[in-house]
Amino acid sequence: MLKKRDLHDSHTLYELMTHPDVFPFVRNKADSYEEFLFITKQTIEAEERGELISRTILDEWGTPIGTINLFDIEDRAGFLGTWLGKEYHGKGYNSPAKEAFFQELFYEIGIETVFMRIRKVNIRSIKAAEKLPYVVKANDTRTSIYEQLNANGEVYDLYEIPKDLYSFHLLRNGSVQTDTSHLLEA
């Protein structure tokens, strides 16, 4: 469902990104295919330097349908950025992509906190975030970050996904397999 960013996916992703329902909510906008190629190359290089983590979201046939990223990584925390092509909205791709990405971030890479800044006018993303049982609205608990995001006016809501709350969610729902075979030995 996820793979590392690859220049070969650029044409498909660029076409999906330019849809008017998607483009305003993409962090790294490109006004031409050539610019998108350049940004993708920069993204791949930034990941190699440890500045961000970026994955292409794939459908069940391996076709690129969007991207999921962790930007501004600092102190084992970063900001999530996700977009899907318009024709993939509401088809059940968002949650599994986030789950796979969080698994990698928290248990393979060592990230402790994922933040989400969501424009207050982006009702679709706010509803999607608030459906997730491990997401906490952090406007009041992370006031310094919230104020920094909104230094030029109230534009964003801030959400937080702490590793411990995500892990608790997985344990509660049986998604984490624990090895109990040693308990059966006598």
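# Notebook: the sheet, strand β7 and its salt bridges

**Entry 1, the sheet.** I began with the strands, and I found an open sheet of 7 strands in the order β1-β2-β3-β4-β5-β7-β6, with mixed pairing. β1 (2-4) and β6 stand at the edges with a single partner strand each, so one side of each has no neighbour in the sheet. I noted alongside this that the model is a predicted one, and I therefore looked up its confidence before going further, keeping in mind that where pLDDT is low, the predicted coordinates should not be read in detail.

**Entry 2, confidence.** The mean pLDDT of the protein chain is 91, and 94% of its residues reach 70 or more. Among the helices and strands, I found the lowest confidence in helix α4 (residues 123-131), with a mean of 86, and the highest in strand β2 (residues 53-58), at 98. Over residues 177-186 the pLDDT is below 50, and this stretch has 0 contacts in the model beyond near neighbours in sequence.

**Entry 3, the partners of β7.** I next asked which strands pair with β7, and I took its two sides in turn. On one side, 7 bridges join β5 to β7, and these two strands run antiparallel; here F115 stands opposite E160 in β7. On the other, β6 is joined to strand β7 (residues 156-162) by 2 bridges, and this pair is antiparallel as well. Following the bridges from β6, I saw that V136 has E160 as its partner in β7, while K137 has Y159. I reminded myself that strands of a sheet pair through backbone hydrogen bonds, either parallel or antiparallel.

**Entry 4, helices on the sheet.** Helix α6 (residues 163-172) lies across β6 and β7, and it runs at about 60° to β7.

**Entry 5, is β7 buried or exposed?** I checked this strand residue by residue. Of its 7 residues, 7 are buried, so β7 is largely enclosed by the rest of the structure. Both faces are covered, since Y156, L158, E160 and P162 are buried on one side, and D157, Y159 and I161 are buried on the other. The split into two sets fits what I had been taught, namely that in a regular strand the side chains alternate between the two faces of the sheet.

**Entry 6, salt bridges that reach β7.** My search of the whole structure gave 13 salt bridges, and I followed some of them by hand. Which residue does R142 pair with in a salt bridge? Its partner is E160, and the closest N and O atoms are 2.7 Å apart. R142 lies in the loop between β6 and α5 and E160 in strand β7, so the pair ties together parts that are 18 residues apart in sequence. R142 counts as partly exposed at 30% relative accessibility, whereas E160 is buried, with 9%. I also listed what R142 touches outside its near neighbours in sequence, and found T113, F115, L158 and E160.

A second bridge joins the side chains of D157 and K120, at 2.9 Å from N to O. D157 lies in strand β7 and K120 in the loop between β5 (113-119) and α4, so this pair ties together parts that are 37 residues apart in sequence. D157 is buried, with a relative accessible area of 7%, while K120 is partly exposed at 27%. Tracing further, I found K120, K137, E154 and D157 linked in a network of salt bridges.

**Entry 7, a bridge within a helix.** For contrast I looked at E45 and K41, whose side chains meet in a salt bridge of 2.6 Å, N to O. They are 4 residues apart in helix α2 (residues 33-48), which means that about one helical turn separates them. E45 is partly exposed at 30% relative accessibility, and K41 is partly exposed too, at 43%.

**Entry 8, a charge without a partner.** Finally I turned to K98, which is placed in helix α3 (residues 94-109). K98 is buried and yet has no salt bridge, the nearest side chain of opposite charge being E99, at 9.7 Å. The cut-off for a salt bridge is 4 Å between nitrogen and oxygen, so a pair at that distance does not count. Setting aside neighbours within four places in sequence, I found K98 in contact with I68, L80, T82, M116 and L132.

Definitions and conventions. Residues numbered from 1 in each chain as written. Predicted model: local features only at pLDDT ≥ 70, side-chain atom pairs only at ≥ 80, totals over all residues. Heavy atoms only, no water. pLDDT = per-residue confidence, 0-100. Contact = heavy atoms within 4.5 Å. Buried < 20%, exposed > 50% of the residue type's maximum accessible area, 1.4 Å probe, protein only. Lys, Arg positive; Asp, Glu negative; His and termini not counted. Pairing = 2+ DSSP bridges. Axes fitted to C-alpha atoms, helices over the stretch in contact; angles between N-to-C directions.
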